[in-house]
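Thanks for passing this one along. Here are a few notes to read with the model open beside you.

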Amino acid sequence: MRLDNTQPVPFGPRLSIELDSDEALRLLGSVSVGRIVFTRHALPTVRPVNHILDHGDIVIRTHEGAALTSRARESAPSGVVVAYEADTIDPATHLGWSVVATGYAQLVTDPEELARYRRLLRPWVQQTMDYAVRIRPDLVTGIRLTDTWAGRPDGG
């Protein structure tokens, strides 16, 4: 069986340009969906989630049975180490950006904050999401994929 889901890149190779943390965080805040990475049973676990950016913190909603809810509860008050990744890369041109934020995730326990996040962040899955998790990024990195000539002073 042959799977052919590859398409030729219509242009030359892409140039990967490192982003500063402010630009990377700004781009992360410009989209609503990303992937959270944490450990479960000593193995990496990745989940797609929607998020908001609130004063530099990434906030997602979770539910009682979620592995991340349990891990954050077990790791209180310091939080659980996570990575959060979001990107926008065009499948046809392979141009775009990717950002990874690494830090500690903690359950939001203040009732007023939790109520605020419930108003601001609507889950995109049809499930009761009674919890919110705040990720305080310690390290934010990112890249922008551009045409090889873009961003070069000589234009080529």
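The points below go from the overall fold to a buried arginine, a helix, the main pocket and one loop residue.

1. Overall layout. Please keep in mind that this is a predicted model. The protein chain has three helices and eight strands, and from the N terminus on these elements run β-α-β-β-β-β-α-β-β-α-β.

2. Burial and contacts. Of the 156 residues in the protein chain, 37% count as buried. If you look at the contacts with a separation of 6 or more, 70% of them come from residues 24 or more positions apart.

3. A buried arginine. R61 is worth a look: this residue sits in strand β5, which spans residues 57-62. R61 is buried but has no salt bridge. The nearest side chain of opposite charge belongs to D130, 5.9 Å away, and the cut-off for a salt bridge is 4 Å, so this pair does not qualify.

4. What R61 has instead. Which backbone oxygen atoms lie 2.6 Å from a polar atom of the R61 side chain? One belongs to L121 and another to M129. Leaving aside neighbours within four places in sequence, R61 is in contact with Y117, R118, L121, P123, M129, Y131 and A132. L121 and M129 thus appear both in this contact list and as the backbone partners just named.

5. Helix α2. Which residues of α2 are buried? They are A67, L68, T69 and A72. The buried residues of this helix pack against five strands by name: β2, β5, β6 (80-89), β7 (96-107) and β8 (131-147). Strand β5, the home of R61, is one of these partners.

6. The largest pocket. Its volume is about 330 Å³. Of the 20 residues that line this pocket, R47, P48, V49, H63 and A66 are the closest to its centre. Strands β2 (33-40), β3 (43-50) and β5, together with helix α2 (67-74), each supply at least two lining residues. Where does the largest share of the lining come from? Strand β3 provides it, with four residues.

7. A loop residue. D110 is placed in the loop between β7 and α3, the latter covering residues 111-120. D110 has a relative accessible area of 34%, so this residue counts as partly exposed. A polar atom of the D110 side chain lies 3.0 Å from the backbone nitrogen of E112.

Technical notes: Residues numbered from 1 in each chain as written. Predicted model: local features only at pLDDT ≥ 70, side-chain atom pairs only at ≥ 80, totals over all residues. Heavy atoms only, no water. Buried < 20%, exposed > 50% of the residue type's maximum accessible area, 1.4 Å probe, protein only. Lys, Arg positive; Asp, Glu negative; His and termini not counted. Polar contact = N/O pair within 3.5 Å; in protein donor to acceptor, adjacent residues only side chain to side chain. Contact = heavy atoms within 4.5 Å. 1 Å grid on protein atoms, 1.4 Å probe; cavity = no way out; pocket = protein on both sides within 12 Å on 5 of 7 lines; lining within 4 Å. Points joined across faces, edges and corners; volume = space filled by probe spheres on them.
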